[in-house]
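Hi,

Here is the structure I said I'd pass along. Have a look at it first, and then read my notes below.

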Amino acid sequence: MIVLLTRMDRIFCGNVITLLLAQVVLWQTGCHRKPESSSREVLPTVQVRVQTVEAKLHAATEDVVGTVRARLHAALEAKVSGRLENMLVTPGQTVKAGELLAQLDAREIQARLDQALALREQSGRDTERLRGLLAQKAVSRQEFETVESGYRVADAAVTEAETMLGYTKIVAPFDGVVTRKFADVGDLATPGRPLLEIDNPKALRLEADVPESLINRVQLGATLSVRAASEAGDIAGVVSEIAPVADPASRTFNVKLDLPANAGLRAGQFARVTIPVGETRALRLPLSAVVQRGQMELVFVAENRHVQLRLVKTGKRIGNAVELVSGVTVGEQVVVEGASRLRDGQPIEAK
C-alpha cells in the first residue's frame, strides 16, 4: 500500500531520525570514556589532643565601655589678659613641674610695678623722716600714722604688681606631657580661654558610665578586669571613685578605676570593664579548639577515631577560654590542639 506523506509529516520524520543518530553517537562516545575513580582520597592519621565538653560553673559578667583618661589633667590658661609673646612647647613634649611653657607680653604690668616701687620708696623715706621728728615731738602721732599707712598701701601695691607680673608666665603644674595647644605667638590670651592641656601619662584611670541596674555590683576598692584592643590580656583596675548620683539623662553612674602604671595604655583609648553579676553554667573550651574560617566558627568533634566538622556559635571570652553557645553537647570530645590542620572525616590518634 502506498502511503503519501504530507510536508509536515516529512519534517517530523526527519527530526526523529536526527535525534536517534545523536543518541547513538553519545552512546558510542560514552563506551570509549575511561571510568572515574570511585575511591575517596586517603587522609593521613594526625595526632591531636582532645577534651571532653563539660558544663562548668563560672561567673556571669556584663561589659561596660569606658575611656582611658589621665588622673592628673590640667587645662592651662592665663589669669591676666595679654598678647602671647612666646610659646615654648609643642604637643607631645615632656615637661617638668615649674617649667616655663608660655610667656605673655608684660610691659604694661612691669610699668605698674615700677610705679609701685617708686611710690613705696618715697613713702618709706617719708616714714623714716617723720619717725625722727616724732621722737623730737616735732610732729603729732596722727601725722606719723598717716604717712606710715601710706607706706603700707604702697608696699601692698608692689606685692600686687609682682603677683600680676608672675601671671604672665605660664608654668607646668606637674610633670607630664603637653597633649594639646590652643594658641600661638601673637594671639590674645584672656582669662577663661585655655592655652595648653597637659596630662601625666604615668597615672591613668578608666572612666565608665555604669547603668543603674549594675551599680550595686560595683564597690569602692574592688578589683575589676579591664580589656583594651591594644592589649592581649586583661588589666586589673581598682575602683577609686563612684558618683553618688546618676546622670538624669542617661541614668548611669560615673565610675573611675585606677590602672597600673605599666598597663601600656594611653589617654583617650577605648576599653571595657567587666562587672560580675552572678554565676551560671556554660560550655567552655580553650580558644585553640575553635577554628575561624571566614565568618564561620568551627570545631572538630572526635568520634570513632575520626573527626567530624561542626559549626558552632561562641559567646564571651574569659582569659584563654571561650564559651560555646551552640553546636556541641555535654560529653562530646572536641579537638583542642592541632584542630587548624584537620579536615572533615580525617582519622586521628589522641595523645
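Below is what I found, going from the whole protein down to single residues.

Keep in mind that this is a predicted model. The protein has 351 residues, and 32% of them are buried. In terms of secondary structure, you'll find three helices and 21 strands. If you take the contacts with a separation of 6 or more, 73% of them are between residues 24 or more positions apart. The accessible surface adds up to about 22500 Å², with carbon and sulfur atoms contributing 53% of that.

Two of the sheets are worth a look. One is an open sheet of four antiparallel strands, in the order β3-β10-β8-β5. Its edges are β3 (73–77) and β5 (94–95); each has a single partner strand, so one side of each has no neighbour in the sheet. For β5, the pairing with β8 (residues 176–181) is antiparallel and rests on two bridges. If you want a spot to zoom in on, T94 has V177 of β8 as its bridge partner.

The other is also an open sheet of four strands with antiparallel pairing, this time ordered β7-β6-β4-β9. Here β7 and β9 (188–189) are the edge strands, again with a single partner strand each, so one side of each is left free of a neighbour in the sheet. β6 (residues 100–104) and β7 run antiparallel and are joined by three bridges, with A102 standing opposite I170 of β7.

Now the helix I'd look at: α3, residues 141–167. With 27 residues, α3 spans 40 Å from first C-alpha to last, close to the 39 Å expected at 1.5 Å a residue. Its buried residues are F144, A154, V158, A161 and L165. Remember that an α-helix has 3.6 residues a turn, so residues three or four places apart point the same way. And what covers the buried residues of α3? Among the elements doing so are α2 (107–135) and β7.

That brings us back to β7, which covers residues 169–171 and includes V171. Is V171 buried or exposed? Neither, quite: V171 counts as partly exposed because its relative accessible area is 37%, which falls between the 20% and 50% cut-offs. Together with L88 and L100, V171 makes up a nonpolar patch on the surface, and the three have about 200 Å² of accessible area together.

Let me know what you make of it.

Cheers

Key:
Residues numbered from 1 in each chain as written. Predicted model: local features only at pLDDT ≥ 70, side-chain atom pairs only at ≥ 80, totals over all residues. Heavy atoms only, no water. Patch = residues over 30% accessible without salt bridge, like charges linked within 9 Å, V, L, I, M, F, W, Y side chains within 5 Å. Areas by Shrake-Rupley, 256 points an atom, 1.4 Å probe, with all protein chains shown as cover. Salt bridge = Lys/Arg side-chain N within 4 Å of Asp/Glu carboxyl O. Buried < 20%, exposed > 50% of the residue type's maximum accessible area, 1.4 Å probe, protein only. Pairing = 2+ DSSP bridges. Expected span 1.5 Å × (residues − 1). Contact = heavy atoms within 4.5 Å.
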